[in-house]
Amino acid sequence: MDWTAIALSVKLAAIVAVILLAIGLPIAYWLTFSRWRGRFLIEAVVALPLVLPPTVLGLYVLLAIGSRSPIGRAWTAWTGHGLAFTFEALVFASILYSLPFAVQPIASAFSQVDVSLLEASATLGASRWRTFFRIVLPLSIDGVVTGAVLSFAHTLGEFGVVLMVGGNLPGVTRTVSIAIYDQVQSFQYASANATALLLLVFSFAVLAAVYAILRKPWAVPALS
Amino acid sequence: MTPRLAASVRKRLSDQFTLDVALDAAEGITIVFGASGSGKSTLLRCLAGLLTPDAGQVAIGSTTLFDAARGINVQPQRRKIGYVFQQLALFPHLSVEANMAYGLAHLTEAERRERIVSTADRFGIAHVLIRKPGAISGGERQRVALARALVTDPRVLLLDEPLSGLDHATQSRIMEDLRAWNSAHDIPILYVTHSHREVFALGERVVVLEDGRILAAGTPQDVMDAPAHETLAQLAGFENFFTATVTAKQPDAGVMQCRLDGTATDLEIPLADTELGAPVRIAIRAGDILLANQEPRGLSARNVLQGTLAFTVREGATVVARVDAGVFFTVHLTPSAMETLHLRQKSPVWLVVKTHSCRQVAL
């Protein structure tokens, strides 16, 4: 079994989930509470990765970070090496690819919060920040957890974007899904099966844990 | 002297509805009364800063909170206005104590604790401080909402139908506590309601809203007892409205006779400067009509009308009877009175109405 690939995938997914949480919260907040008429445009952009083939997204990310693009040149000037086919490129591409999986559950949870609670918070002297951290976030915590876990799981399982942007460098960009593909290509069905099974069991366990946290099957039914 | 709340606001919500109100509230309870959709909540939201008026000013004493012309619009969190929402808006994930502490972030832990305990004592919720809002009774929730707003020591308190859905006994106990609180603090309190019962029970002053405008303002007695307007009369609990024609006037007795349209029935009503033969509109409270199961004699009341009982409906502690006396009258009586009278459908009945129970309202 390719433990290096597994470790790399988990590391990538964890980093992406943390970053997506950090940028997903403000984006979701803005999408929920903005009154700008053009809001639907941003919503459409955020949802794009859901419908685009990974190859399309991967191609444009590759062009965007290539040595001829401003981003690629700035990166080279800063770090001394190119961005394409690096772990950082994978993180960048995965953030874009998993963005809707973070933003949509969080935005949906935000929009479920009763507006009168936000107004009550304001009349009690709380700033928008305080209202967000004391009221909106605690009441949306299920959606936030869902968003983080879905980003993690979705990044863990991605294939096309990784292949386009990262290539297949062991220990750098060869994630678990690429490793499985390699093993199948070289007829190592036994090890491919072992890795695939591990990914399957792990993904199921993560999702089951999330739904358990959300549904709380161990809790006593509430009175009202 | 306590700073007064002075406001004049205009807010267009739709093509059909514009709020356009000027009011000046001194300390004590001012009732804002009106049917749903009359603009009561919109007015409170404009005062609290949750809605921005299109024009006008809002001020507490010499502090301007909003002035459209000068471009002043103080954010709701800086207005120091207590607001109790119709749905109470208690924070469900926080304990009662944390709900009350929410508006006290600027105080030290010890000051916070002291204020919460004394306010909770005053409103009888000290025993539920550690519970969540979902785990206490409806009356307790209402008290918590009130206490959460008052513990912050607001300069003005706005109450948006805070006691609707509670039984009368619980309502009046909560109101007594609010009065007791305000006798010490003496701030202006605006209390929004659509229940005419609450107007008399609570208010020193009442402002009546209709379609976004003030229809009348004054003491409850002034506004509700001599309603010059049919909408006002309806709001004030008048259930019976009839169109009639003046048939005779007795200026010496201070009364006049009116023939109810479509009937041969005359009603004696207080004299007004309506001309003979002119149409009038008469309003009578259902509770001001007596019902008899045989023809009454030797009464001071001048109007005794014969009819038949069409049907009765039980509404809480009141029986609502509809009586056909050429036109339909609505009469309120108690269930026990209903039993004593042995009334059935189609029973012959007599209606007794005092002259001064008949109010003339604008056509």
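Trainee: Which residues does Ile282(B) touch, leaving out those up to four places away in sequence?

Mentor: Setting those aside, Ile282(B) touches Phe242(B), Ala244(B), Cys258(B), Leu267(B), Ile269(B), Cys358(B), Arg359(B) and Gln360(B). Keep in mind that this is a predicted model, where local features need pLDDT of at least 70 and side-chain atom pairs count only at pLDDT 80 or more, while totals for chains, interfaces and linings use all residues. As for names, residues are numbered from 1 along each chain as its sequence is written, and chains are lettered from A and ligands numbered from 1 in the order in which they are written.

Trainee: What makes those residues ones that Ile282(B) touches?

Mentor: Two residues are in contact if their C-beta atoms, placed from the backbone, lie within 7 Å. Each residue on that list therefore has its C-beta within 7 Å of that of Ile282(B).

Trainee: Why is β15(B) said to pair with β21(B)?

Mentor: Strands pair if DSSP finds at least two bridges between them. Here β15(B), residues 279-285, has 3 bridges to β21(B), so the cut-off is met, and the two run antiparallel. One bridge is easy to find: Ile282(B) is partnered with Gln360(B) in β21(B). The strands are themselves DSSP runs (E, at least two residues; helices are H or I, at least four), numbered from the N terminus.

Trainee: What order do the strands of the open sheet with β15 and β21 (chain B) have?

Mentor: That antiparallel sheet of 5 strands reads β14-β13-β12-β15-β21 (chain B). Its edge strands are β14 (266-270) and β21 (359-361) of chain B, each pairing on one side only. Neighbours are turned by 50 degrees against each other on average, direction ignored. Axes for such angles are lines fitted to C-alpha atoms (for helices over the stretch in contact), and angles run from 0 to 180 degrees between N-to-C directions.

Trainee: Why are β16 and β19 of chain B said to stand at the edges?

Mentor: They belong to an open, antiparallel sheet of 5 strands in the order β16-β20-β17-β18-β19 (chain B). Both β16 (289-292) and β19 have a single partner strand, so one side of each has no neighbour in the sheet. In this sheet the average turn between neighbours, direction ignored, is 40 degrees. At one end, β16(B) is joined by 4 bridges to antiparallel β20(B), residues 348-353, with Ile289(B) bridged to Val353(B).

Trainee: What do β18(B) and β19(B) form?

Mentor: A hairpin, with 1 residue between the strands; Gly326(B) in the turn has a positive phi of about 90 degrees. β18 (318-325) and β19 (327-333) of chain B have 7 antiparallel bridges, so they clear the two-bridge requirement. Val319(B) is partnered with Leu333(B).

Trainee: Why is helix α1 of chain B called largely enclosed?

Mentor: A residue counts as buried if 20 or more other C-beta atoms lie within 10 Å of its own, exposed if 12 or fewer, and partly exposed in between, with C-beta atoms placed from the backbone. In α1(B), residues 40-48, 9 of the 9 residues are buried, so the rest of the structure largely encloses the helix. Among them are Lys40(B) and Arg45(B). Just after α1(B) comes Gly49(B), with a positive phi of about 90 degrees.

Trainee: Which residues have the most contacts inside the largest nonpolar core?

Mentor: Leu158(B) and Ile282(B), in a core of 147 residues. Helix α5 (87-112) of chain A gives the most to this core, 15 residues. Domain 1 (5-233) and domain 2 (239-361) of chain B each supply at least three. A nonpolar core is a set of buried Ala, Val, Leu, Ile, Met, Phe, Trp, Tyr and Cys residues joined through C-beta atoms within 7 Å, so Leu158(B) and Ile282(B) must be buried to belong.

Trainee: How many residues of domain 1 of chain B are in contact with domain 2 of chain B?

Mentor: 5 residues of domain 1 meet 5 of domain 2 in chain B. The domain 1 side divides into 3 nonpolar, 1 polar and 1 charged. Here Ala, Val, Leu, Ile, Met, Phe, Trp, Tyr, Cys and Pro count as nonpolar, Asp, Glu, Lys and Arg as charged, and the others, Gly among them, as polar. The two centres, over C-alpha atoms, are 39 Å apart; the bounds come from an automatic or database domain assignment.

Trainee: How many helices and strands does chain A have?

Mentor: 11 helices and 0 strands, whereas chain B comes to 9 helices and 21 strands.
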